[in-house]
Amino acid sequence: MSHLFKICSNNLNTKFNVFIILFSFLNREVFSKWNTRDYMKREHSLLKPYQGSGITVPNWDFMGSTIVTDKYIRLTPDLQSKSGSIWNSIPCYVNNWELQVQFKVHGKGKESLHGDGMAIWYTRERMKQGPVFGSKDLFEGLAVIIDTYSNHNGEHNHQHPYISSMINNGSLHYDHDRDGTHTELAGCEVKVRNLQTEAHLLIRYTGNTLTVMTDLDDKAVWKPCFNVDGVELPTGYYFGFSAATGDLSDNHEIIAVRLYEVDSDDPVTIFIFIITSMLLFLLYVINYFFRRKLLKTA
């Protein structure tokens, strides 16, 4: 009888342990969604080695003067009148995200004699060549523009290179002659050209807040550029990168792109995490006393 009791007790204990393991896994899933670094979306990221079979890049399409090497993706060479782009072929349905872009802008041109710049896109349409740093005007979505040359046609309260953002519903024209000043959402001056290291740009969209930060020293220390509330972006748009040169030129290169799924500081998510953690702790306590009782009974 005692032997049978031990078998039944061990069987119950095993089932209880399995339940705790499963619950721990579910709790880890909740926590990993809360922890932004655990959810890099590889289908929207661009990492070395870039190429798949032949000259294709999995999940990405490129056009214009873009070339793909084993070290970088060059959107334009340091030559006049070039434009190129690379676009993610999969629409992004992540509600809250963080895009980290590693890039390099360099060339032989002296101070103020270089251009034109590059843009990072999150738009409804993709692979549309045009006059806005190699992509189409009157776009729908978000553009983060790295403008390296100042046209100085109109009032300016900043120097170049200059990072700015623009939200468009398809009705706004980007005015190159005024460097997009009148349609700019926010911006900051950033010396990104001819750096000794590669530049890093972070674009974070969470809870209808758009945040842009930079790391120009390659030390993983982000410096604020701007932060704007009340920005509404739909899901299902495409990420892309484009660049253009005119009478002046530069090399514009993408080194790496990483997209992370993040959670906003949603109180519901935090509440669920706290409750599941408390339940997990309670289950461990119950299991501890259950085992002690079995040992005493045996």
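Let me start with alanine 119, which stands opposite serine 242 in strand 13. Strands here are DSSP runs of E with at least two residues, helices are runs of H or I with at least four, and both are numbered from the N terminus. This is a predicted model, where local features need pLDDT of at least 70, side-chain atom pairs count only at pLDDT 80 or more, and totals for chains, interfaces and linings use all residues. Residues are numbered from 1 along each chain as its sequence is written, and side-chain values use heavy atoms, with hydrogens and water left out.

Back to the two strands. Strand 6, residues 117-123, runs antiparallel to strand 13 and is joined to strand 13 by 7 bridges. Two strands count as paired if DSSP finds at least two bridges between them. Strand 13 also has strand 4, residues 83-88, as an antiparallel partner, with 5 bridges. There, serine 83 has alanine 244 of strand 13 as its bridge partner.

How many residues of strand 13 are buried? The strand covers residues 238-244, and 7 of its 7 residues are buried. Buried means under 20% relative accessible area, exposed means over 50%, and partly exposed is in between, with a 1.4 Å probe and protein chains only. In a regular strand the side chains alternate between the two faces of the sheet. In strand 13, Tyr238, Gly240, Ser242 and Ala244 point one way, Phe239, Phe241 and Ala243 point the other way, and all are buried.

Now the sheet as a whole. It is an open sheet of 7 strands, paired antiparallel, in the order 1-4-13-6-7-8-9. Strand 1 (60-64) and strand 9 (186-189) are the edge strands; each has a single partner strand, so one side of each has no neighbour in the sheet. On average, neighbouring strands of this sheet are turned by 15° against each other, direction ignored. For such angles, axes are lines fitted to C-alpha atoms, for helices over the stretch in contact, and angles run from 0 to 180 degrees between N-to-C directions. Further along the order, strand 6 pairs with strand 7, residues 140-147, over 7 bridges in the antiparallel sense. In that pair, tyrosine 122 is opposite leucine 142 of strand 7.

Next, the salt bridges. The structure holds 9 of them. A salt bridge is a side-chain nitrogen of Lys or Arg within 4 Å of a carboxyl oxygen of Asp or Glu. I will go through three.

One of them joins glutamate 253 and arginine 74, at 2.5 Å from N to O. Glutamate 253 is in strand 14 and arginine 74 in strand 3, so this pair ties together parts 179 residues apart in sequence. Are the two residues buried or exposed? Both glutamate 253 and arginine 74 are buried.

Another pairs glutamate 261 with lysine 41, with the closest N and O atoms 3.7 Å apart. Glutamate 261 belongs to strand 14 (residues 251-261) and lysine 41 to the loop between helix 1 and strand 1, 220 residues apart. Glutamate 261 counts as partly exposed because its relative accessibility is 25%.

The third is between arginine 124 and glutamate 140, with 3.0 Å between the closest N and O atoms. Arginine 124 lies in the loop between strand 6 and strand 7, and glutamate 140 in strand 7, so the pair ties together parts 16 residues apart in sequence. Arginine 124 is partly exposed at 42% relative accessible area, and glutamate 140 is partly exposed at 27%. Salt bridges with shared partners also join Lys41, Glu43 and Glu261 into one network.

Some backbone details now. Lysine 48 and proline 49 are joined by a cis peptide bond, with omega about -10°. Proline 49 is in the loop between helix 1 (2-34) and strand 1.

Serine 81 is not a glycine, yet has a positive phi of about 55°. Serine 81 lies in the loop between strand 3 (73-76) and strand 4, and is exposed, at 58% relative accessible area. Asparagine 208 also has a positive phi, near 65°. Asparagine 208 sits in the loop between strand 10 (199-206) and strand 11 (209-215), and counts as partly exposed at 34% relative accessibility.
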